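Visitor: I would like a close look at a single part of this protein, namely its nonpolar interior and the aromatic rings within. Please take me through that part in detail, and then place it in the rest of the chain.

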Amino acid sequence: MGKNLEGINHYNKLIDELKANDIEPFVTLFHWDLPQPLEEEYRGFLSSAIVNDFVNYAEICFWEFGDRVTNWVTLNEPYRFTSFGYVEGRYPPGRGKNNAESDPETEPYIVAYNLLNCHAATYRKYQEDFKDLQKGKVGITLDTNFFKPYRGPNNKDDVKAVEYAYDFMFGWFMEPLQKGSWPQNIEKFATSATAKHPNGRALPTFSNAQSNKLIHSYDFLGINYYTANYAQFGPPPDAGPGYATDCHYTPSGLDPDKNPIGEPAFPGSWVYLCANELVELLHLIREKYSVTKDIVITENGSPDMNDTSKTYEQVRDDNYRIKYIKNHLEAIRTANCKGLKVKGYFAWSFMDSFEWGSGYTSRFGGLLKRTLTNGEQEDEVDDMVTEAEQAIEVITKPKKAKAQWCCLGLPRWQLDCYGVEFGWESDVFGVKGKENDKDNKQ
């Protein structure tokens, strides 16, 4: 895998522009965009061969940009990447319950194993070869909801479902980072016998060397938090075989009486305003998973439905999102007063959000250019959107801002909510273009 000097130059210019405007880049190395040749050569994250290639890619980024970048995220949402790509098959590489060539009873666990080893090896590479000179920090970003028992705290089955929800969503990746091993419930359910595997399934096991690399392999922990869910005991009715059934819980934003867990962003949205639950979640992360290192809220935000019939004045009336972000910032302040060590916050997203499979139907920010009605005039908001969609090589000079870890209004393939996101399949290795946005996370 060779270096693409044009791509490296592109990101050098971007990083220099950020630094010139007192904005500290916060770089994500992998946000679900594996180069297709690696998928074709050895099936990507289903092979342990991915570890060396990932570390080589990260090392190039450290060498080329580490003199100006001191905050690195190795992986964004490994749970989401694994679940959507290898359980549900909604995202690349499209394996899972509807793909006859895949095995959702074993593949998600293999992918999680290789993702974690990629992260740990990359973290150790930085510590050994770059830390002393560059003085940077390397972390990982995990996503999770806060969970409550569907039928209340007195329902023992649903209390157990909450335990399963954390183990299979958050603990799946957090416990190996703390203990070098899987959560007990994953070890129990992921090895159980199935019709396809009547003698039981083999769960990848970390060697002693791999466990030692994994334990405490982060300088900070990124948390992507949007909402809370109820957890009901038992898998969803449409759950496929393997991981989806192994989880033994069904998430829901509504209780048995159809009352929402919090104020919804809009009717039918998967995001509910549950800011106080963020404080509870952070406390749980510290106590249950013994996390004492700094935490950064690397994603938080609310969507709204795209309605092209609205005027710009109507769209600017953004009261729900203002309340949502304000309440979460207040929650972070409360958490810090309790000693929970939240050191940073990013809102998803300053720019538009293309929502992977949702197109323009759900928006986390920005305005969709629409046809003007009679008598309406182009205004400055429309100009801003058009400018942000111009050619790759155009970098709009942002206003001066004394803001650390900030998202700019630049094209989405240039920036993630952490500041800069290279994307393995981006210009660094010559495959241009990347749209990395949120979809339905329930």
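Guide: What follows is an account of the interior and its aromatic pairs, and then of several places elsewhere in the chain.

The model is a predicted one, and its protein chain is built from 14 helices and 16 strands. Of its 442 residues, 56% count as buried. Among the contacts with a separation of 6 or more, 75% are made by residues 24 or more positions apart in the sequence. The chain exposes about 18900 Å², and carbon and sulfur atoms supply 50% of that area.

The largest nonpolar core has 76 residues, and those with the most contacts inside it are F45, W172, M174, W182, L221 and Y249. Helix α7, which covers residues 156-179, gives the most to this core, contributing 12 residues. Apart from this core lies another, of 20 residues, which includes L14, I23, C61 and F65. Returning to Y249, and leaving aside its neighbours within four places in sequence, one finds this residue in contact with Y79, F147, A161, Y164, A165, M169, A231, Q232, G234, P235 and P236.

The aromatic rings deserve a description of their own, and the count comes to 33 aromatic pairs. A pair of aromatic rings is described by the distance of the centres and the angle of the planes. In the pair formed by F45 and F81, the centres are 5.5 Å apart and the planes stand at 75° to each other, an edge-to-face arrangement. F45 lies in the loop between α2 (36-42) and α3 (50-65), whereas F81 belongs to helix α4, so the pair ties together parts that are 36 residues apart in sequence. Both partners fall below the 20% limit for burial: F45 is buried because its relative accessibility is 0%, and F81 is buried with a relative accessible area of 4%.

A second edge-to-face pair is formed by Y164 and F189, with 5.4 Å from centre to centre and 90° between the planes. This pair, too, links distant parts of the chain, for Y164 is in helix α7 and F189 in helix α8 (residues 184-189), 25 residues apart. Y164 and F189 are both buried. These two residues also belong to a cluster linked by ring pairs, in which Y79, Y109, Y164, F168, W172, F173, F189, F233 and Y243 take part. Two of the names in that cluster, Y79 and Y164, appear again among the contacts of Y249, and W172 is also one of the residues with the most contacts inside the largest core.

Aromatic rings also meet charged side chains. R90 lies over the face of F84, 4.3 Å from the ring centre, while the charged end of K293 sits over the ring of Y218, at 4.8 Å from its centre.

Turning to polar side chains that are buried, S252 has its place in strand β8 and counts as buried because its relative accessible area is 18%, under the 20% limit. A polar atom of the S252 side chain lies 2.9 Å from the backbone oxygen of L254. R321 is found in helix α13 (residues 319-337), and at 11% relative accessibility this arginine counts as buried as well. The side chains of R321 and D318 are joined by a polar contact of 2.8 Å. Not counting residues up to four places away in sequence, R321 touches S302, P303, D304, R363, F364 and G365.

Some features of the backbone complete the picture. P92 and P93 are joined by a cis peptide bond, with omega about 5°, and P93 lies in the loop between α4 (78-87) and α5 (107-129). D22, although not a glycine, has a positive phi of about 60°; this residue lies in the loop between α1 (5-20) and β1 (23-24) and counts as partly exposed, with 35% relative accessibility. K258 likewise has a positive phi, near 70°, in a residue other than glycine. The place of K258 is in the loop between β8 (249-252) and β9 (263-264), where the lysine is exposed, with a relative accessible area of 59%.

Note on methods:
Residues are numbered from 1 along each chain as its sequence is written. This is a predicted model: local features need pLDDT of at least 70, side-chain atom pairs count only at pLDDT 80 or more; totals for chains, interfaces and linings use all residues. Side-chain values use heavy atoms; hydrogens and water are left out. Helices (H or I, at least four residues) and strands (E, at least two) are DSSP runs, numbered from the N terminus. Buried means under 20% relative accessible area, exposed over 50%, partly exposed in between (1.4 Å probe, protein chains only). Contact means heavy atoms within 4.5 Å. Accessible areas come from the Shrake-Rupley method with a 1.4 Å probe; for residues, only the protein chains shown count as cover. A nonpolar core is a set of buried Ala, Val, Leu, Ile, Met, Phe, Trp, Tyr and Cys residues joined through side-chain atoms within 4.5 Å. Rings of Phe, Tyr and Trp (its six-membered ring) pair if their centres lie within 6.5 Å; planes under 30 degrees apart count as stacked, over 60 as edge-to-face and the rest as tilted. A charge sits over a ring if NZ of Lys or CZ of Arg is within 6 Å of the ring centre and within 35 degrees of the ring normal. A polar contact is a pair of N or O atoms within 3.5 Å; within protein, one must be able to donate a hydrogen and the other to accept it, and residues adjacent in sequence count only if both atoms are side-chain atoms.
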